[in-house]
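Good morning, and thank you for making time for this presentation. Please look at the structure on the screen before I begin.

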Amino acid sequence: MLKTLLLGLFLLRTSALMAISVPQMAEPYLSIWEDKGGQTAFQDLDDARFVPATPDRLNAGYSTSVFWLRLDLQNASATTLERFLEIELGTISLYDVYVRGQTGAILSGGQKRSWNPSLHHRHPVVNVTLPPYSRGSWYIRLENNYSLCIIAWLHSLESLAAKESRESLVFGTYTGVMGFALLVSLYVFFSTRHRTFLHLGTMLLTYHLGFQLTNLGVTWMNLWPQSLAWADRATFVMIELSSIAGIIFFRHSLEIPRTLPQIDRWLWLPLLKSLLGLGLCTFAFSPQLVSFSVQTTGVLLLFYYGAGIYLWRKAYPPAAYYSIGWMLVILVNILSILQAADLVRFDDPWFRSAVRFELLLLSCALHAGFLAIAIGNQFQKVQKDRAREQDVRRRLEKNLDDAHIVQEAFIPDDREGPGFEIVTSHHASARIGGDWLGYHHDVRHKRLILAICDVTGHGLPAALLSGAIHGAFHGLARTEEMDALPAPELLSMLMRRLNDVVGMTATHTPLLATMLILSIDLESGRMDYRNAGHTPLVVVRDNRPVYILQGGSPLGLKTQPNIGAGHYEARTGDTLFIYTDGLLDNVRSSRRLQLHHLTRLFSSEDSLSAIQKRIEELAGPDAAVMEDDCSYIICRLHDLAGQSLPIGGSRLWRKSV
């Protein structure tokens, strides 16, 4: 739609030129003189110095000289010759118009002077109307900080009005389309948080609405007509701002850190150049600085285009539209530069002007359109990638949910049997975790085996290893070979086999596991235990806790681990408490929980469910603060025959609360 609209404007100008008198090129009537010092006053002008204003002399490029133009006209008819000289030079710094016989300028303007709105002209326009049978000469002094590439026209009043009306229409349409595109890009950015749309909006603001309209003389006349210093520097500032925006947009729109990492590390150089240029603009503004800025910006345009072509060939979809958009701008700018340098001459007067105005704006509009398509293409690609990621994430979450169900099945239910009562608790900090606990009631030998382990780390790797330990524990504890062994030998054998399982399963990982296994003879009360680097066993008797710790090395650390071993004589009414260290970390206060804080909750008069409820209230799972898995087993012994005091074989200490 954008292309069709601007193409319609393009054709509108052509048809209008056919209906209205066509302006005449003023070059045959012009002479020119270069005042290199710029100090010559009008009264001191020597007409002999002027030479014919050929196109190569009118295209002076970047120069510090002052140029004088002389227009010589003759009216050989009996009617008044109504003519207007238009000099197409929208960013001129100063111009003055003189005639012989008057010491002062009859017309003055430019960016270094407050713009006079009554002139109503974007370019310098001089009324050169002649009475019948008369001659006239006008002298125009031109001073500019930018490129001095002059196209001069002789207009009738009708052709001048038509030209300026068409320019206003093109400017208004271009500004409206770019402004609408800016609002859309910002809306999409705030809706999606996709940063590339923000960078596109910055490009539209700086390059299209900032630089183009300032370069074509619209903004300084309408937005800051009295700000002389700013008006004279505005085009240069907009060049550098659009360069900065272009670098950022180029980097993100083509995903340069991923697609061209070897180039990405050098992008700070043109960015630094633009920042320095903005600083120098304040203190050392000069035509040479402007020339350097324009040349380096041109190199950047070619660089963007080349990178886009390269990525296009590498089958990166957004690069195709990106490259086409930059190609249009580059082609029109090349035509304009070739024309300004008189390397290419266009005979058609309209085309000479259109290269610098309509074609330039048309290429810029199409450039913005193709960039928007490129960003839309990239956005669509990102959305598809996100959809695939979400689909993978959903499948992974479904798998984790299934794994959670399986892992929860590993944890045995609370149980009450002959001589014992057990309650358990298991909470993972993530969907699945590395804690595991279990028990085995050996009915034949009247013994109860309790086990708890804590695999280092969290998540899926730890869960897989805890699953292997679960399978190995129950598989080994139920074999006839193990079943026939006395408790001390049984526990030692279990620890060695489980160490082998951990070592084989986690060979190429840093995973380890701490573990505590204890066997309780439900007749005599003898309790044997083996500890592989796990937390202490707690026995609560008559509301007084006993902490038992015979340490050792974690499973999987060595082929022959150092396992802590010992035994303890339990009594009827004793409450056993084994846990993982995550229970102490998962406290709902800023102070770390201590073991004695938990043991205060144990009372021989209370049921295990009541004790468990108090523990959950103090250190229960809280998703906001859980950093580690937490699990525990509480076992209370009933009707034991043995009532003896603890004897040797273990490191034992008591602590009253």
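Helices here are DSSP runs of H or I with at least four residues, and they are numbered from the N terminus. With that convention, Ala315 comes just after helix 10 and takes a positive phi of about 65°. I should say at once that this is a predicted model.

Let me stay with helix 10 for a moment. Helix 10 covers residues 287-313, which is 27 residues. From the first C-alpha to the last, helix 10 reaches 39 Å, close to the 39 Å expected at 1.5 Å a residue.

I turn now to the helix packing, with helix 4 as the reference. Two packed helices are described by the angle between their axes and the distance between the axes.

How do helix 3 and helix 4 pack? Helix 3 (residues 157-192) and helix 4 (residues 195-215) pack at an angle of about 160°, and their axes are 8 Å apart. Since angles over 145 degrees count as roughly antiparallel, helix 3 and helix 4 are therefore roughly antiparallel to each other. Their crossing is left-handed. On the helix 3 side, the contact includes Phe171, Tyr174, Met178, Leu182 and Phe189; on the helix 4 side, Arg195, Phe197, Leu204, His208 and Leu213 are among the residues involved. By class, the residues of this contact divide into 15 nonpolar, 7 polar and 1 charged.

The second partner is helix 6, residues 228-253. Helix 4 and helix 6 have axes 8 Å apart, at an angle of about 155°, and are therefore roughly antiparallel to each other. The crossing of helix 4 and helix 6 is again left-handed. From helix 4, residues including Thr196, His199, Met203, Tyr207 and Phe211 meet a set in helix 6 that includes Ala234, Met238, Leu241, Ala245 and Phe249. This contact divides into 11 nonpolar, 12 polar and 1 charged.

The third partner is helix 13, residues 358-410. Helix 4 and helix 13 pack at an angle of about 175°, with their axes 11 Å apart; they are therefore roughly antiparallel to each other. Here Phe197, Leu200, Leu204 and Gln212 are among the helix 4 residues that meet helix 13, where Cys364, His367, Leu371 and Ile375 are among the residues met. The division is 12 nonpolar, 5 polar and no charged.

I come next to the sheets. In one open sheet, 4 strands follow the order 1-12-6-9, and the pairing is antiparallel. Strand 1 (24-25) and strand 9 (125-127) stand at the edges with a single partner strand each, so one side of each is left without a neighbour in the sheet. Within this sheet, strand 6 (residues 84-88) and strand 12 (residues 151-155) run antiparallel and are joined by 5 bridges. Which residue of strand 12 is the bridge partner of Glu88? The partner is Ile151.

Another open sheet is formed by 6 strands in the order 3-2-5-10-7-8, also with antiparallel pairing. Its edge strands are strand 3 (51-52) and strand 8 (107-109), each of which pairs on one side only. Strand 3 is joined by 2 bridges to strand 2 (residues 30-35), and these two run antiparallel. In that pairing, Ser31 stands opposite Pro52 of strand 3.

That concludes the presentation, and I welcome your questions.

Notes. Residues are numbered from 1 along each chain as its sequence is written. This is a predicted model: local features need pLDDT of at least 70, side-chain atom pairs count only at pLDDT 80 or more; totals for chains, interfaces and linings use all residues. Side-chain values use heavy atoms; hydrogens and water are left out. Two strands pair if DSSP finds at least two bridges between them. The expected span of a helix is 1.5 Å times one less than its number of residues. Axes are lines fitted to C-alpha atoms, for helices over the stretch in contact, and angles run from 0 to 180 degrees between N-to-C directions. Angles under 35 degrees count as roughly parallel, over 145 as roughly antiparallel, 65 to 115 as roughly perpendicular and the rest as oblique. A crossing is left-handed if the near helix is turned anticlockwise from the far one by less than a right angle, and right-handed if clockwise. Contact means heavy atoms within 4.5 Å. Ala, Val, Leu, Ile, Met, Phe, Trp, Tyr, Cys and Pro count as nonpolar, Asp, Glu, Lys and Arg as charged, and the others, Gly among them, as polar.
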